[in-house]
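Subject: Structure handover

Hello,

Here is the structure I promised to pass on. Please open it alongside this note, which goes through what I found.

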Amino acid sequence: MFGSLRVRNYRLYASGQVVSLVGLWMQRVAQDWLVLELSDGSPVALGIAAALQFAPTLFLSLWAGVLADRMDKRKLLLFLETGLGLCALTLGLLDVTGVAQLWHVYLLCLLLGAVSAVETPVRQSFVVEMVGRDQLTNAVALNSMTFNLARMVGPAVAGGMIIVVGTGWVFLINALSFVGVITGLFLMNAKQLHRGEPVPREKGQLREGLRYVRHRPDLVILLVLVFFISTFGLNFYVTLAVLARNTFGGDADAYGLLSTLLAVGTLAGATLAAKRSAKGKPRLRLLILGALAFGVLEIAAGLMPSIWLVGATLIPVGIAMMTFTTTANATVQLAVSPDMRGRVMGLYMLVFLGGNPVGGPVMGWLAEHFTARAPLVVGGVVSIIAALVGGIVLARRGGLRLPTHRLGLRKRARV
């Protein structure tokens, strides 16, 4: 279950991520709450902030994938993590000095999104360099465990801190937390990384990556499925804050509670994924079943009459969500050739996050003009339809199979 942690470089990376991700989730809660305070509780303002944060993904993630294939990923990550920390520091200083305005938050959301749009594909494709192919599925699952352990702790801590000291100090703590991940990257032994030959700089490399995916209908179907579920189903960054504040009349601690209960589920789902990784490659049947279960449970959460019942339902929602996302991530990485991994992961992150500039405002509009429950119900319905269509198409193409690559040679393998 914890096989990847035998690798020293990955231990350094994972330990730094634990610290940094707790700070990240604290900032997400504080940022959402600050937007609601500065906008008098407007769901549309929250949707705009989310859209600005994810909009750079549309323009930068594919280019970031090209950089990941060309450059030293560890050195690139050192630079990018420093940029993320500076964004948090700036927002914190503006807030604690009492000069923060809504447009300040919008601008920093855009800057943070620009750095994240480059950092995420590079970080995703760096995992296999730390642990090698044999431990990739396990490392992806452990990354999700780390991410969701932080997701469980961070919002709960942030909810209490916002009430006691305000949102500004939460941003400053997040800025400090980046010291952990930067230190871990700096201490790695570069000679022990599983690096392939860097792709030489040439014209048309981005188009080459897109052509590679276009001629792989199996990958196209999977990426379309990921796009619809992530854009319309994974809308909790808009929904939970509005649900806690406007529907149930709660405070920041109520939002933190809902976020934490969702994180309990996602941590459990990531733990199950880590256990399954010992049994071999991920299976697409599990991907489809996870997507279907997620859609059904998200609808159920949207219809619950009390905040406690919503929170209780968010636990299985999180399990299903992690089953889907970890399976999708590992499947894509194992199904591509090493020299294309950075570019394909750039495209993966584009479809995974790039729909948020559309989904965020749409979900905010639904919450404002109908009810805060509407985004959950609509997102669940879209997820079910996408899973059914994707499953049928993949089944008709040959029993839910994807080709995998090993040592540069193509093989047909059941996934």
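Does Tyr13 count as buried or exposed? Tyr13 counts as buried, at 4% relative accessibility. Please keep in mind throughout that this is a predicted model.

**Tyr10 and Tyr13**

Tyr13 has an aromatic partner, Tyr10. Their ring centres are 5.9 Å apart, and the planes make an angle of 35°. That makes the pair tilted, because stacked would need planes under 30 degrees apart and edge-to-face over 60. Tyr10 is buried too, with a relative accessible area of 0%. Both tyrosines sit in helix 1, which spans residues 8–38. They are three residues apart there, so about one helical turn separates them.

**Overall picture**

The protein has 415 residues, and buried residues make up 60% of them. It contains 16 helices and two strands. The exposed area comes to about 16700 Å². Carbon and sulfur atoms supply 67% of that area. Contacts reach a long way along the sequence. Take those between residues at least 6 apart: 86% of them join residues at least 24 apart.

**Other aromatic groups**

The count of aromatic pairs is five. One of them is Phe228 with Phe232. This pair is stacked, with 6.4 Å between centres and 25° between planes. Both residues belong to helix 9 (residues 217–233). They are four residues apart, about one turn of the helix. Phe228 counts as partly exposed, at 34% relative accessibility. Phe227 joins Phe228 and Phe232 in one aromatic cluster.

There is also a charge over a ring. Arg28 lies over the face of Trp25, 4.6 Å from the ring centre.

**The salt bridge**

How many salt bridges does the count come to? It comes to one. The side chains of Glu119 and Arg123 form it, with 2.6 Å from N to O. Both residues are in helix 5 (residues 102–131). They are four residues apart, so the separation is about one helical turn. Glu119 counts as buried, at 4% relative accessibility.

**A nonpolar patch on the surface**

Eight names to select here: Leu86, Leu89, Leu93, Val96, Ile163, Val164, Val165 and Trp169. They form a nonpolar patch on the surface, and their accessible area together is about 750 Å². Which helix gives the largest share? Helix 4 does, with four residues. Helix 4 (73–96) and helix 6 (136–165) each supply at least two residues of the patch. Val165 is found in helix 6. At 42% relative accessibility, Val165 counts as partly exposed. Val165 therefore clears the cut-off for patch residues, which is over 30% relative accessible area.

**Three buried positions with distant partners**

Start with Gly364, in helix 15 (residues 356–369). Gly364 is buried, with a relative accessible area of 0%. What does Gly364 touch, leaving out residues up to four places away in sequence? The answer is Pro43, Val44 and Val238. Gly364 and Pro43 are 321 residues apart along the chain. Their C-alpha atoms are separated by 4.9 Å.

Next is Gly16, back in helix 1. Gly16 counts as buried, at 3% relative accessibility. Setting aside neighbours within four places in sequence, Gly16 is in contact with Gly180 and Val181. The C-alpha atoms of Gly16 and Leu185 are 8.2 Å apart. Along the chain, those two residues are 169 residues apart.

Last is Thr325, in helix 13 (residues 307–334). At 10% relative accessibility, Thr325 counts as buried. Beyond residues up to four places away in sequence, Thr325 touches Leu234, Tyr348 and Phe352. Thr325 and Ile229 are 96 residues apart along the chain, with 9.7 Å between their C-alpha atoms.

**Where to begin**

I would display Tyr10 and Tyr13 first, as the tilted pair. Then go to Glu119 and Arg123 for the salt bridge. After that, show Gly364 together with Pro43, one of the residues it touches.

Best wishes

Notes
Residues numbered from 1 in each chain as written. Predicted model: local features only at pLDDT ≥ 70, side-chain atom pairs only at ≥ 80, totals over all residues. Heavy atoms only, no water. Phe/Tyr/Trp six-rings, centres within 6.5 Å; stacked < 30°, edge-to-face > 60°. Buried < 20%, exposed > 50% of the residue type's maximum accessible area, 1.4 Å probe, protein only. Lys NZ or Arg CZ within 6 Å of the ring centre and 35° of its normal. Patch = residues over 30% accessible without salt bridge, like charges linked within 9 Å, V, L, I, M, F, W, Y side chains within 5 Å. Areas by Shrake-Rupley, 256 points an atom, 1.4 Å probe, with all protein chains shown as cover. Salt bridge = Lys/Arg side-chain N within 4 Å of Asp/Glu carboxyl O. Contact = heavy atoms within 4.5 Å.
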